[in-house]
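I opened this model to look up a handful of side-chain features, and I am keeping the entries in the order in which I checked them.

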Amino acid sequence: MPIHVKIGDDVSSNTGNVTVKPEWLRVKAPQMQRVGNVKGILRDLGLNTVCEEASCPNIGECFNAGTATFLIMGPACTRACPYCDIDFEKKPKALDPTEPDRLAEAVRRMNLNHVVITSVNRDDLPDGGASQFAGCIAAVRQVSPKTTIEVLIPDLCGNWNALAAILAAEPEVLNHNTETIPRLYRRVRPQGSYERSLELLRRTRELAPWVYTKSGIMAGLGETHDEVIEVMQGLRAVDCDILTIGQYLQPSAKHLGVNDFVTPEQFDAWRQAGEAMGFLQVVSSPLTRSSYHAEQVRGLMERFPRSKG
């Protein structure tokens, strides 16, 4: 059984040619009416989504289902990770104090049971934007108290007081992606730190043991099966609950190239390995992204309830 489909001479990883994707990475065209409704709400309220800014392949499915992952403090990022399609800006704009209320209004209009809030990296801010995360959580709680909230946060440059401030706002899920294996960090995530990411998840469990922790890995950048397994073991060592694994896709010719396409069978093997390790949930498939089907966490919370007592 093949684990990877290698990029051949007729397929480019960094030359400007179009990458030929295998059949399992083809997505259906969305129903544009529903997609347009979601986009209309976002434009009306002046909100950004990672779905659009990061060119997610699942945007049609998610927008058609009426879900979106809100991108706050953006759309420009203070880091220039070579895999990411979000724009880089060394000195981004000041935070908008109306953003939390506008986001909460979008949650109300879309009648969301579960919302995912993520952000660009804001290394220019002393708290990395933790106060804005907390404000958004509070605003959503005010208008839609039954909506469960997941935050997908950056590493905050290791500011653990900032992490504590986000957790004090009591999101149900805290997600922080490890993104890749340690060997590839210098090339893939040069301003990040694998050890710092694990420490963030470890401290989250220590500070808020009732919160469900989550992380994600991209595949197809040259990692081996065993290296992915080692990252999974590292995440379980800090008691991470939920894992997502998906295929990296090159956003444009200027971005980091795809090394190989991982087969659905290999993704399923990683899912089985993760479940055997004790993750509460492993979502592993070529089109999986951090927030793909995130609303399913509500069922997980019912099966594995936690209290703050």
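**Disulfides.** I looked for disulfides before anything else and found that the structure holds 0 of them. A disulfide is a covalent bond between the sulfur atoms of two cysteines. I then noted the setting of two cysteines: cysteine 157 counts as partly exposed, because its relative accessibility is 45%, whereas cysteine 240 has a relative accessible area of 0% and is therefore buried.

**Confidence.** I remind myself that this is a predicted model. The protein chain has an average pLDDT of 85, and 83% of the residues score at least 70. I marked residues 6-18 for caution, since pLDDT stays under 50 there, and for this stretch the model has 24 contacts beyond four places in sequence.

**Aromatic pairs.** How many aromatic pairs does the structure hold? I found 2. In one of them, the ring centres of tyrosine 185 and tyrosine 194 lie 6.0 Å apart with the planes at 75°, so I recorded the pair as edge-to-face. I checked the burial of these residues as well, and both tyrosine 185 and tyrosine 194 are buried. For phenylalanine 267 and tryptophan 270, the centres are 5.7 Å apart and the planes stand at 85°, so this pair, too, is edge-to-face. I traced phenylalanine 267 and tryptophan 270 to helix α10 (residues 264-277), where they sit 3 residues apart, about one turn of the helix. Phenylalanine 267 is buried because its relative accessible area is 0%, and tryptophan 270 counts as buried because its relative accessibility is 0%.

**Charges over rings.** I next looked at arginines placed over aromatic rings, and noted that the charged end of arginine 236 sits over the ring of phenylalanine 279, at 5.5 Å from the ring centre. I also noted arginine 306, which lies over the face of tyrosine 212 with a distance of 4.5 Å to the ring centre.

**Aspartate 155.** I located aspartate 155 in the loop between β5 (148-152) and α6 (160-168), and its relative accessible area of 0% is why I list it as buried. What does the side chain of aspartate 155 reach at 2.9 Å? I found the backbone nitrogen of cysteine 157 at that distance, and I also recorded a polar contact of 3.0 Å between the side chains of aspartate 155 and arginine 196. Leaving aside neighbours within four places in sequence, the contacts of aspartate 155 include Arg79, Asn121, Gln191 and His176. As a further distance check I took aspartate 155 and leucine 198, which are 43 residues apart in sequence and 9.7 Å apart in space, C-alpha to C-alpha.

**Histidine 176.** The contact with aspartate 155 led me to histidine 176, which is found in the loop between β6 (173-175) and α7 (185-188). Is histidine 176 buried or exposed? Its relative accessibility is 1%, so I count histidine 176 as buried, the cut-off being under 20%. I found a polar contact of 2.8 Å that joins its side chain to the side chain of serine 197. When neighbours within four places in sequence are left aside, histidine 176 is in contact with several residues, among them Leu152, Ile153, Pro154, Asp155, Arg189 and Ser197. I closed the entry with others from that contact list, including Leu200, Lys214 and Gly216.

Key
Residues numbered from 1 in each chain as written. Predicted model: local features only at pLDDT ≥ 70, side-chain atom pairs only at ≥ 80, totals over all residues. Heavy atoms only, no water. Phe/Tyr/Trp six-rings, centres within 6.5 Å; stacked < 30°, edge-to-face > 60°. Buried < 20%, exposed > 50% of the residue type's maximum accessible area, 1.4 Å probe, protein only. Helix = DSSP H or I, 4+ residues; strand = E, 2+ residues; numbered from the N terminus. Lys NZ or Arg CZ within 6 Å of the ring centre and 35° of its normal. Disulfide = S-S within 2.5 Å. Polar contact = N/O pair within 3.5 Å; in protein donor to acceptor, adjacent residues only side chain to side chain. Contact = heavy atoms within 4.5 Å. pLDDT = per-residue confidence, 0-100.
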